[in-house]
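Reader: I would like a close look at one part of this model, the open sheet and what packs around it, with enough context to place it among its neighbours. Please take it step by step.

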Amino acid sequence: MNKDIMICGVGGQGTVLASRIIAASAMNEGNAAHSAETIGMAQRGGPVTSHVRIGDEASSPLIPLGGADLLIAFEPSEAVRNLKYLKKDGFVIVNSVPVKPTSLGSSEGYDGKAEIAFIRSVCDCLVVDSDALCAPFGSSKFFNVAVLGAAAGTGRLGLSVETVRDQIVKTVPERFLEKNLAAFEAGLKIGE
Amino acid sequence: MSKKYVMGNGAIALGALSAGVDLVAGYPGTPSSEIIETVAKYPHDGTYVEWSVNEKAAMEVAAAAAYCGARAMVTMKQVGLNVASDPLMSLAYVGVKGGMVVVSADDPGPISSQTEQDTRRFAEFARIPVFDPSSPEEAFEMVQDAFACSEKYKTPVILRPTTRVDHAYASIDTSDTFTAKGFEGFVKDSKKWVIFPRLSYQNHAVIEKRNVEIGEEFSSCRFNTVTGSSQKAVVATGVSYAYARELLKDHPEVRFIKVGTPHPLPESFLLKALEGVTEVLCFEELSPYIEESLLKLIGRHRLNITVRGKLSGDVPHSGENDADSAKTIISRFLGLELTDSAPDLTGAPQPPARPPVLCAGCPHRASFYAVKRAMKGKKAYFCGDIGCYTLGNAMPLDMVDTCLCMGAGITMAQGFNHMDSDAVAFAFTGDSTFFASGITGVVNAVYNAADMIVCVLDNSTTAMTGHQPHPGTGRNLMSAPVDKISIEKILLAVGVKKVLTVDPLDLDAAVAAVKDCAETKGVKAIIFKSPCVAIVKSDKRCKVDAEKCVGCLRCIREIGCPALSVQDGKAVIDSNLCTGCGLCAKLCPTGAIGGQ
């Protein structure tokens, strides 16, 4: 299998965990996997991306423009910022809940709606509402695992649901496992 | 043996452990920090590992180990090599007995650094070999070869990864436990280990002769490769090679050359690889190192080859390369057709700018705000330093007037004081930065009778680089708890007139401390002590009472906390981000924020 998956969001949303689980799951199914993440100063509230490259064809850590089969966006405007990485027939899973920038001028008026409308107009997508999805778990911090469920449910990861679930069990600290697995199942339903 | 999915930095660590490294030392710095963390994490027998106070200390600790015949590795980011350059330059002349690898991670972009300097230049300057990995897998192999090269030629050897190699993940097959190689011990010989002008004179000649030999050896090194046979050739180095390879895998006829050992230049290899070539494109990051080396080589051998790259304007001088610049630049050079495979994005809404900011609840925000409030209407200079708190420069705090390099905040505040004694000169330094290179600055200020305030933003960790311990935390990488070194006692011991310790989240007390210090002559210090919110997780949350909020938005205008935003003209707090620090509540004029 060869598959390029990009995950994007705002620093602190938990994109790194999601990318590691996808890469490890791909390896567990016998694929080569490479990934690259934003680390350092940019993590403090800035835009972050993870590039996950599955298969032997990828020789560099970064996905080329127009190369991603799947874009998993934790935030609407970050989805738009990274749409250029998507293949023409690629698929987008996007959270409709915006993260407003901190500076006063630009936080007014931005609600993510125009971004979602634009994404719907240019590509196939699944729009997810992290607030609604994560409400039963008490924190949107579970969105990273929930969205993995959604991605696995659509079949766009190219990985079996069981492999991803097993990897979540191996990765997530035990005291948070129950809620994370429930979040994964909730996402799975939306994806299917 | 098992496969481990690790970062490039992890691959370097596992490579060193596989080579039986006896000692590893370094100072944290993005993109290098995870090397030492990985060494410390994997089970190893007999390997000593430490976070040193700074890169110079790390280099010297490692040098002594290498003098003993031990295998030693020292890790840092590129600007750290500037700090460690004093021992390195001399060590290059003295040489080593055990293998010594200096890992200096470059940061094209720059993504998390002050400079776009190129460590390959440093290797050439110090006249020592350098390996330049193009992937985590190659970094794992190279660090082992670097140890062998170091031992064979009795010289420190540099491994120069870049951010995209350091932070890329790949699977590495290694043993699960590691044992240090062991070493003979130090054999005294003052003619060998004591640097004197005569020794440097003699060794300089030896080094230049040896470098020709190493260049010859590198000419058959597995990290230097050539494929294809076209008259137009592409030379790539480091991660740029990986980007170019992805493009050129569909064009196997193109002559494609990789240089994995830039210094000493593998001349014989390059002369052979360039036979029949009329034009060559150098695709590399940071400085035009290979481009200039080829220009010299081609000139010396009077070859008729046009060299393209940064100097010819074909490759940008600044910023990092990526898969797309590889596609554009190399396709243009080779005359390949460019196809656009992304969806049509005409009319896409412009995404908002998201500059990095201090985290919600970060105690640094409160420290800056306290100083700002205390100094309102007064002339003051705010000298920042390297760490999370550099972000104090962002609006609306706007509390960092200068930032130069590690430790410079203190010494620059002193300089401003001597140039303009009417203003209050402030230095902001983190706790780890204070230990790394702040103490000498305070001594200099006291000795030279400066009038200034040193603010130590003590969050009990090295936060920006991933929360490494430092001498003030009471932990190191080897042992059970160690004695905490007191910043307050150091400041008092070097003669600081007044040393106050306050909790920055106690706003009134913090403002009073700043005012108190501003009214005292001499060098004063305030230790703003409150732990990093990423380490000490808080269950507290603040909430805006929409009934009481009058929409003045003072909270947002004055402190710029990312948990605060505006909804329907009123302030709202994102409970996923808020830590309940209560700073916003303290400045709300209507008491609308509560629930801490």
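**A sheet and its surroundings**

Author: D539(B) is exposed, because just 6 other C-beta atoms lie within 10 Å, where 12 or fewer is the cut-off for that class. This residue sits in the loop between β20 (523-529) and β21 (543-544) of chain B, and in this predicted model D539(B) and G441(B) are 39 Å apart in space, C-alpha to C-alpha, with their positions 98 residues apart in sequence.

From that loop I turn to the sheet itself. In chain B, 5 strands form an open sheet with mixed pairing, in the order β11-β13-β12-β14-β15. The edges are held by β11 (225-227) and β15 (306-308) of chain B, each of which has a single partner strand, so one side of each is left without a neighbour in the sheet. From one strand to the next, the twist averages 20 degrees. At the β15(B) edge, strand β14 (residues 279-283) of chain B runs parallel to β15(B) and is joined to it by 3 bridges; within this pairing, V280(B) has V307(B) as its bridge partner.

Two helices belong to the picture. Helix α11(B) packs on the sheet and touches β12 (232-236), β13 (255-258) and β14 of chain B, its direction making about 140 degrees with that of β12(B), while α14(B) lies across β12, β14 and β15 of chain B and runs at about 175 degrees to β14(B).

Both helices also take part in the contact with the other chain, since the elements giving two or more residues to the side of chain B that touches chain A include α11 (238-248) and α14 (323-334) of chain B. In that contact, 49 residues of chain B meet 51 residues of chain A, and α11(B) supplies the largest share of the chain B side, 5 residues. By class, that side has 31 nonpolar, 8 polar and 10 charged residues. Another contributor is β9 (168-174) of chain B, which runs antiparallel to strand β2 (residues 33-37) of chain A and is joined to it by 2 bridges; there, S35(A) has Y169(B) as its bridge partner.

Within chain A, helix α1 (residues 15-28) and helix α6 (residues 143-154) pack at an angle of about 40 degrees with their axes 8 Å apart, which means that α1(A) is oblique to α6(A). The residues in contact are T15(A), L17(A), A18(A) and I21(A) of α1(A) with N144(A), V147(A) and L148(A) of α6(A).

Technical notes
Residues are numbered from 1 along each chain as its sequence is written. Chains are lettered from A and ligands numbered from 1 in the order in which they are written. This is a predicted model: local features need pLDDT of at least 70, side-chain atom pairs count only at pLDDT 80 or more; totals for chains, interfaces and linings use all residues. Axes are lines fitted to C-alpha atoms, for helices over the stretch in contact, and angles run from 0 to 180 degrees between N-to-C directions. Helices (H or I, at least four residues) and strands (E, at least two) are DSSP runs, numbered from the N terminus. Angles under 35 degrees count as roughly parallel, over 145 as roughly antiparallel, 65 to 115 as roughly perpendicular and the rest as oblique. Two residues are in contact if their C-beta atoms, placed from the backbone, lie within 7 Å. Ala, Val, Leu, Ile, Met, Phe, Trp, Tyr, Cys and Pro count as nonpolar, Asp, Glu, Lys and Arg as charged, and the others, Gly among them, as polar. Two strands pair if DSSP finds at least two bridges between them. A residue is buried if 20 or more other C-beta atoms lie within 10 Å of its own, exposed if 12 or fewer, and partly exposed in between; C-beta atoms are placed from the backbone.
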